[in-house]
Amino acid sequence: MAPRRTEAVHKDAGGIDAQAPDSVLRLLADAQIEAARTVHSAIPAIAQAAAKVAASLAAGGRLVYAAAGSSGLMALADALELPGTFGIPRERVFILLAGGTEALVNLAGAPEDDAGQAARDVAATGFEAGDCLIAISASGSTPYAMGALQEATRRGAATIAFANNAGAPMFDIAEISVLLATPPEVVAGSTRMGAGTAQKIALNMMSTLAAIHLGHVHDGYMVNLHADNIKLHERAARIVSAISGCDTATAQALLEKSGGSVKLAILLASGASSPEAANQLLEGADQRLRHALSKLEGSRGSHQ
């Protein structure tokens with residue numbers, strides 16, 4: 001295996017404990033920015049991963065994130081927001097953390113070495129062909145992440161690996177490999193820092209592009225959001241108003257009529273005769289609002 005950059009010493013870290021606080025913080029900030037820049041070189045692989053995720057979800061498959069330690073927290077941050085932001089059903093997104101839910105309050109190290117538990121965790125989800133597993137590990141060799149990938153592969157599912165070291169063993173298992181070649185950490189081996197930052201950016205990029213593929217984003221608006229609090233109800237109304245041109249009071253009324261669906265409310269505001277007709281338009285447009293609006297405009301033009 002190639003030497004692990006994630007365990008190497010940062011070139012500017014010497015004497016950090018004797019520096020002034022402002023100098024330390026500048027070094028930490030600069031290192032985070034440098035780590036974030038490494039995501040650019042991974043864009044082609046992230047695009048492949050997003051397409052794979054979107055294809056699995058579009059076909060009715062499930063999405064499973066598997067990771068340990070800090071990488072698990074990055075997976076958690078991405079996965080938990082998919083239902084609210086993009087309307088992906090909660091029952092189709094799984095998060096497998098080494099150590100289980102106990103890891104959320106006690107991030108112990110030992111569970112990450114249990115590849116067998118990872119396989120059992122994957123099996124417990126009922127994972128099968130058509131589903132997609134995303135494994136994340138800074139080192140690229142964490143046994144828990146490796147075990148999850150191996151079990152998912154055995155079951156014929158799609159697999160994606162994110163790691164921060166070139167030549168990571170995970171890459172030999174996964175169908176799609178995403179290398180985030182972050183530099184050594186300012187605190188050597190503390191991958192909650194630069195490696196974690198790059199992971200969070202890359203995972204957010206992947207899931208957002210997947211949502212765009214699925215038609216859940218229109219002109220930068222989250223048109224498939226699940227509004228389950230006051231803030232999101234207000235946001236939904238603003239989205240309907242901004243895209244359709246109606247006032248917010250009308251938008252709120254149409255959201256009620258559409259059962260809270262932003263897409264349906266926009267189509268109603270744009271001339272669809274009923275929620276049922278709007279839903280037919282959406283289904284005929286593969287859930288893509290832009291295509292549905294074009295069809296609606298075309299049908300209105302043909303009747304003028």
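**Exercise 1. Decide whether R288 is buried, partly exposed or exposed, and find its salt-bridge partner.**

Solution. R288 has a relative accessible area of 25%. Residues are called buried under 20% relative accessible area, exposed over 50%, and partly exposed in between, with a 1.4 Å probe and protein chains only as cover, so R288 is partly exposed. The next step is the partner: R288 forms a salt bridge with D286, and their closest N and O atoms are 2.8 Å apart. This satisfies the definition, in which a side-chain nitrogen of Lys or Arg lies within 4 Å of a carboxyl oxygen of Asp or Glu. D286 itself counts as exposed, because its relative accessibility is 53%.

The model is predicted, so local features need pLDDT of at least 70 and side-chain atom pairs count only at pLDDT 80 or more, while totals for chains, interfaces and linings use all residues. Residues are numbered from 1 along each chain as its sequence is written, and side-chain values use heavy atoms, with hydrogens and water left out.

**Exercise 2. Locate D286 and D219, and state what is notable about the phi of each.**

Solution. D286 is found in the loop between α11 (275–284) and α12 (289–302), where helices (H or I, at least four residues) and strands (E, at least two) are DSSP runs numbered from the N terminus. Its phi is positive, about 60°, although D286 is not a glycine. D219 sits in the loop between β6 (217–218) and β7 (221–222), and its phi is near 50°, again a positive value in a residue other than glycine. For background, most residues other than glycine have a negative phi. As a last step, D219 counts as exposed because its relative accessibility is 56%.

**Exercise 3. Work out which parts of the chain are joined by the salt bridge of E175 and K52.**

Solution. The side chains of E175 and K52 meet in a salt bridge with an N to O distance of 2.8 Å. E175 lies in the loop between β4 (158–163) and β5 (176–179) and K52 in helix α2, so the pair ties together parts that are 123 residues apart in sequence. Both are partly exposed: E175 has a relative accessible area of 48%, and K52 has one of 25%.

**Exercise 4. Carry out the analysis of Exercise 3 for R62 and D131.**

Solution. These two side chains, R62 and D131, form a salt bridge at 2.7 Å, N to O. The pair links distant parts of the chain, 69 residues apart, with R62 in the loop between α2 and β1 (63–67) and D131 in the loop between α5 (115–124) and β3 (132–137). R62 is buried, with a relative accessible area of 17%, and D131 is also buried, at 3%. The whole structure contains eight salt bridges, and E151, R154 and R155 are linked in a network of such bridges.

**Exercise 5. Describe the chain as a whole.**

Solution. Begin with secondary structure, which comes to 12 helices and seven strands. Then consider extent: along its principal axes the C-alpha trace spans about 75 × 50 × 35 Å. Finally, consider burial, for which the result is that buried residues make up 46% of the 304 residues.
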